Amino acid sequence: AYFTLLLRPAVAATEAANLSFLTAVAVAEAFQVLLPAGRQVACKWPNDVLIDGKKAVGILLQSRLGTSGLVEVLVIGIGTNVASKPEGTEWPATSLSAEGAAAGGEEVVVAEVAALDRWLARWRRDGFAPIREAWLARAFGLGSRIRARTGTQELHGIFEGLDPSGALLLAGDDGKRHVITAGEVFPAG
């Protein structure tokens, strides 16, 4: 199941980027309701949602700045593996049905939209801090060794958390603290 949400947030690009985390938290919340008890739903930086360590959704944000320099349009695309999953992916994939959910595509979209609506209202009222807190409560690999692949390098270290903007904090094996604003993370393996 997939859908696209169009927002007109009129906020700075850095603030609009926080909606990536908001979307992951909302989808994770919806999954927790749809799945049977005992399934571990986690958020993997920056916006993946995992069920028992396997990816179950794709989230993509695209934005357009207005003449004011603020984000005029933000498009959030969400594609959920409801009944099937891709094979041969870099990160193991799963589907809601494979994990025991009995929901169909329409029910999944309704649950995700309802959760997004709640979190968007909270973001407008309280800013990014509660979203960051909710994301960290579900963070995959927090406190563990990971490898972070950015466009130019691969870093290894301990995933310490998120800074106030959502950047990943990594205590690197090189003895430095890295602030990573874009990239992919994997277990250190």
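Two strands are taken to pair if DSSP finds at least two bridges between them. On this basis the strand arrangement of the predicted model is described below, followed by helix packing and the largest pocket.

Strands of a sheet pair through backbone hydrogen bonds, in either a parallel or an antiparallel sense. In the present model, five strands form an open sheet with antiparallel pairing, in the order S10-S9-S8-S7-S11. The edges of this sheet are occupied by strand S10 (177-180) and strand S11 (184-187); each has a single partner strand, so one side of each is left without a neighbour in the sheet. On average, and with direction ignored, neighbouring strands of this sheet are turned by 45 degrees against each other.

Within the five-stranded sheet, strand S7 (residues 145-149) is paired with strand S8 (residues 154-162) in the antiparallel sense, over five bridges. Ala 148 is placed opposite Leu 155 in S8. The two strands S7 and S8 constitute a hairpin, with four residues between them. S8 is in turn joined by five bridges to strand S9 (residues 168-172), and S8 and S9 run antiparallel. Here Leu 162 has Leu 168 in S9 as its bridge partner. S8 and S9 likewise belong to a hairpin, which has five residues between the strands. In this hairpin, Gly 166 adopts a positive phi near 105 degrees.

A further open sheet comprises three strands in the order S2-S3-S4, again with antiparallel pairing. Strand S2 (41-44) and strand S4 (54-55) are located at its edges; each is paired with a single partner strand, so one side of each lacks a neighbour in the sheet. The antiparallel pairing of S2 with strand S3 (residues 48-51) extends over four bridges, and Val 41 faces Ile 51 in S3. The loop between S2 and S3 contains Pro 46, which is joined to Trp 45 by a cis peptide bond with omega of about -5 degrees. A backbone feature of another kind is found at Ala 10, a residue other than glycine with a positive phi, near 50 degrees. Ala 10 is situated in the loop between strand S1 (2-7) and H1.

Two packed helices are described by the angle between their axes and the distance between the axes. For helix H3 (residues 105-126) and helix H4 (residues 129-137), the axes come within 8 Å and cross at roughly 130 degrees. Helices H3 and H4 are therefore oblique to each other. The contact involves Trp 119, Arg 122, Trp 123 and Asp 126 in H3, which meet Pro 130, Ile 131 and Ala 134 in H4. By class, the residues of this contact comprise five nonpolar, no polar and two charged.

The largest pocket has a volume of about 440 Å³. Its lining consists of 21 residues, of which Ala 17, Ser 20, Phe 21, Pro 46 and Thr 181 are the closest to the pocket centre. Two or more lining residues are contributed by each of helix H1 (13-17), helix H2 (19-34) and strand S5 (57-65). The largest share, five residues, is provided by S5. The lining is made up of eleven nonpolar and ten polar residues, with no charged residue. Pro 46 thus appears both among the residues closest to the centre of the largest pocket and at the cis peptide bond with Trp 45.

Conventions:
Residues are numbered from 1 along each chain as its sequence is written. This is a predicted model: local features need pLDDT of at least 70, side-chain atom pairs count only at pLDDT 80 or more; totals for chains, interfaces and linings use all residues. Side-chain values use heavy atoms; hydrogens and water are left out. Axes are lines fitted to C-alpha atoms, for helices over the stretch in contact, and angles run from 0 to 180 degrees between N-to-C directions. Angles under 35 degrees count as roughly parallel, over 145 as roughly antiparallel, 65 to 115 as roughly perpendicular and the rest as oblique. Contact means heavy atoms within 4.5 Å. Ala, Val, Leu, Ile, Met, Phe, Trp, Tyr, Cys and Pro count as nonpolar, Asp, Glu, Lys and Arg as charged, and the others, Gly among them, as polar. On a 1 Å grid over the protein atoms alone, a cavity is a set of points where a 1.4 Å probe fits but cannot get out, and a pocket is an open set with protein on both sides within 12 Å along at least five of seven lines; lining residues have an atom within 4 Å of a point. Grid points are joined across faces, edges and corners, and a volume is the space filled by probe spheres set on the points.
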